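Welcome, and please open your viewer before reading on. We will go from one selection to the next and say what sits at each.

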Amino acid sequence: MSQNLKALNVQVETWRVLQSLRASQGITMRELAEIVLMNPPTLTKLVDRMVADGLVQRQLAAEDQRRVHLALTDLGVTLADKIALHVEAQNDRIIETIGLEKAQLLREALDTLT
């Protein structure tokens with residue numbers, strides 16, 4: 001996977017943010033930090049770069065103007081979709097290599113760690 005990300009010029013941390021925002025548009029920085037397991041200052045710098053690159057946008061929350069929600073831009077969605085294709089292909093290769101049953105056990109084991 002790291003080779004695929006490198007080919008797309010995307011860091012692993014950026015991918016985690018893209019995938020998290022793809023699954024949950026409109027979350028706050030605090031929520032995102034918990035999901036991607038990054039400390040807030042590091043995440044803020046990463047999100048700032050992603051905003052500058054046109055991948056993410058900040059939006060004031062309608063219910064509370066002091067809160068900022070994050071959402072993917074169209075460019076961010078496109079990149080997240082490209083990465084998702086690579087992830088699906090990798091998952092297919094894993095299933096081909098170890099079989100569906102072992103792949104499911106592996107996924108369950110990894111889920112218990114998070």
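**Stop one: the nonpolar patch**

Begin by selecting α5 (74–98) and α6 (100–113): each of these helices supplies at least two residues of a nonpolar patch. Helices here are DSSP runs of H or I with at least four residues, strands are runs of E with at least two, and both are numbered from the N terminus. A word on the source: this is a predicted model, in which local features need pLDDT of at least 70 and side-chain atom pairs count only at pLDDT 80 or more, while totals for chains, interfaces and linings use all residues. Residues are numbered from 1 along each chain as its sequence is written, and side-chain values use heavy atoms, with hydrogens and water left out.

Now show I94, I98, L106, L110 and L113 as sticks; together they make a nonpolar surface patch of about 440 Å². Residues of such a patch have over 30% relative accessible area and no salt bridge, and their nonpolar side chains (Val, Leu, Ile, Met, Phe, Trp, Tyr) are joined within 5 Å. Areas come from the Shrake-Rupley method with a 1.4 Å probe, and for residues only the protein chains shown count as cover. The largest share of the patch, 3 residues, belongs to α6.

Pause on L110, which sits in helix α6. Is L110 buried or exposed? With 46% relative accessibility, L110 is partly exposed, a class between buried (under 20% relative accessible area) and exposed (over 50%).

**Stop two: the pockets**

Keep L110 selected and add W15, N91, R107 and D111: these five lie nearest the centre of the largest pocket, which has 20 lining residues. A pocket is an open set of points on a 1 Å grid over the protein atoms alone, where a 1.4 Å probe fits, with protein on both sides within 12 Å along at least five of seven lines; lining residues have an atom within 4 Å of a point. The largest pocket holds about 760 Å³ of space, a volume being the space filled by probe spheres set on the points.

Which helix gives the most to this lining? Colour α6, which contributes 7 residues; α2 (12–23), α3 (29–36) and α5 also supply at least two each. By class, the lining has 12 nonpolar, 5 polar and 3 charged residues. Here Ala, Val, Leu, Ile, Met, Phe, Trp, Tyr, Cys and Pro count as nonpolar, Asp, Glu, Lys and Arg as charged, and the others, Gly among them, as polar.

Next, select L8, N9, V10, Q11, T14, L46, R49, M50, D53, L55 and L79, which line the second largest pocket. About 190 Å³ of space lies there, and helix α4 (residues 40–52) brings the largest share of the lining, 3 residues.

**Stop three: the salt bridges**

Show D81 and R22, whose closest N and O atoms are 3.0 Å apart in a salt bridge (a side-chain nitrogen of Lys or Arg within 4 Å of a carboxyl oxygen of Asp or Glu). The pair links distant parts of the chain, with D81 in helix α5 and R22 in helix α2, 59 residues apart.

Then move to D48 and R58, which form a salt bridge at 2.5 Å, N to O. D48 lies in helix α4 and R58 in strand β2 (residues 56–60), so this pair ties together parts 10 residues apart in sequence. D48 is partly exposed at 36%, and R58 is partly exposed at 39%.

**Last stop: H86**

Finish in helix α5 with H86, which is partly exposed at 28%. Draw a C-alpha to C-alpha distance from H86 to N4: they are 6.9 Å apart in space and 82 residues apart in sequence.

Note on methods:
Patch = residues over 30% accessible without salt bridge, like charges linked within 9 Å, V, L, I, M, F, W, Y side chains within 5 Å. Buried < 20%, exposed > 50% of the residue type's maximum accessible area, 1.4 Å probe, protein only.
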